[in-house]
Amino acid sequence: MTFLCTGCNEPVAQELRYCSVCERDVGFPNVRRSQRADESEALIERVRQARASAEIRGATAVLDSFVQKVGASKAVMNRKLTTIHSWLSSDSPYFLSFHPQIRDHSLLARDNVWDQQRIAAENTVNPIYFTELKFAALSLDQRGLTYYGAYCVVLREQLIQDRASVFEENPFVFNPKHHVFSSQQPPLGYRATWLQRGMLAEAKLAHKISPATRENDFITILMGANRDDADCDFIEVHIYGMLHKRAIERVVGPNPTDQYDRAIWNDCKRKLKSLGATVEEI
């Protein structure tokens, strides 16, 4: 499916942010991918099937409530205390993600399948432009995947919404589940824009909603309860471009027992306060 520049009507490659002919801003590649007609139509069909099943079960009203709640969900990144402190203390205001650190030799890939194979998994879902993405998870309780770190960084919606898209799950899980290999295209209908995140959650999770489902259950339906497990289920948020430290809305995490770590945490709290971010200790 060819995307044409609205300025010069020339074809634009999927991975580009700017038209290669006239340099017009053609939008964020991940968002454009989510807005493609074939992606949108496939997602609408998944939603239609999910709603039909919910109607048979008498769960339509509860499903509508779930979708409404997900429409107000937050993007949450989880990181270790030292990583957050480095971000807040650095001369650069931008968060350094995995791929730039590997490219700049400031980080060595670990000897595990996650680091060694992530390029293949991510490139299959977001071809070529995957290195420009920052990753988070959709959350209804401002808590995230503690497997990646004990501190939950809640991002400001107004600073990410135009450049964020959502994807069904971790590509490491998605690709083998759908028998997608590096030489193949992923199936359609499993991604959406930020504003359509409720639709994606409806398509993916409607089967978990029943007439007896309570509002409190929505939290663990959207993101599994086993959040310190690598296999915890979640909807992944893809954010294009740099993440400025002012994109931090809130940090939720433990007050360390170790004296040295507590000093680092106290410094983080001071820096977060100066940015207008809030802190919650748990």
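In strand 8, Ile-239 is the bridge partner of Ala-164. I begin with this pair, and I should say at once that the model before us is predicted. The pair belongs to a wider arrangement, in which strand 6, residues 164-167, and strand 8 run antiparallel and are joined by four bridges.

Which strand, besides strand 6, should we consider here? Strand 4, covering residues 133-139, is also antiparallel to strand 8, and five bridges join the two. Within that pairing, Val-237 of strand 8 is the bridge partner of Ala-136.

Let us turn to strand 8 itself, which spans residues 236-240. How many of its five residues are buried? The count is five of five, and the strand is mostly covered. In a regular strand, side chains alternate between the two faces of the sheet. For strand 8, one side carries Glu-236, His-238 and Tyr-240, while Val-237 and Ile-239 lie on the other. Both faces are covered, and the residues on each of them are buried.

My second topic is Ala-54, which has its place in helix 2, residues 37-57. Is Ala-54 buried or exposed? Its relative accessible area is 1%, and the limit for a buried residue is under 20%, so Ala-54 counts as buried.

What does Ala-54 touch, if we set aside residues up to four places away in sequence? Its contacts are Ala-59, Thr-60 and Leu-63. Finally, I draw your attention to Ala-206: in sequence, 152 residues separate Ala-206 from Ala-54, yet the C-alpha to C-alpha distance between them is 6.8 Å.

Conventions:
Residues numbered from 1 in each chain as written. Predicted model: local features only at pLDDT ≥ 70, side-chain atom pairs only at ≥ 80, totals over all residues. Heavy atoms only, no water. Buried < 20%, exposed > 50% of the residue type's maximum accessible area, 1.4 Å probe, protein only. Pairing = 2+ DSSP bridges. Contact = heavy atoms within 4.5 Å.
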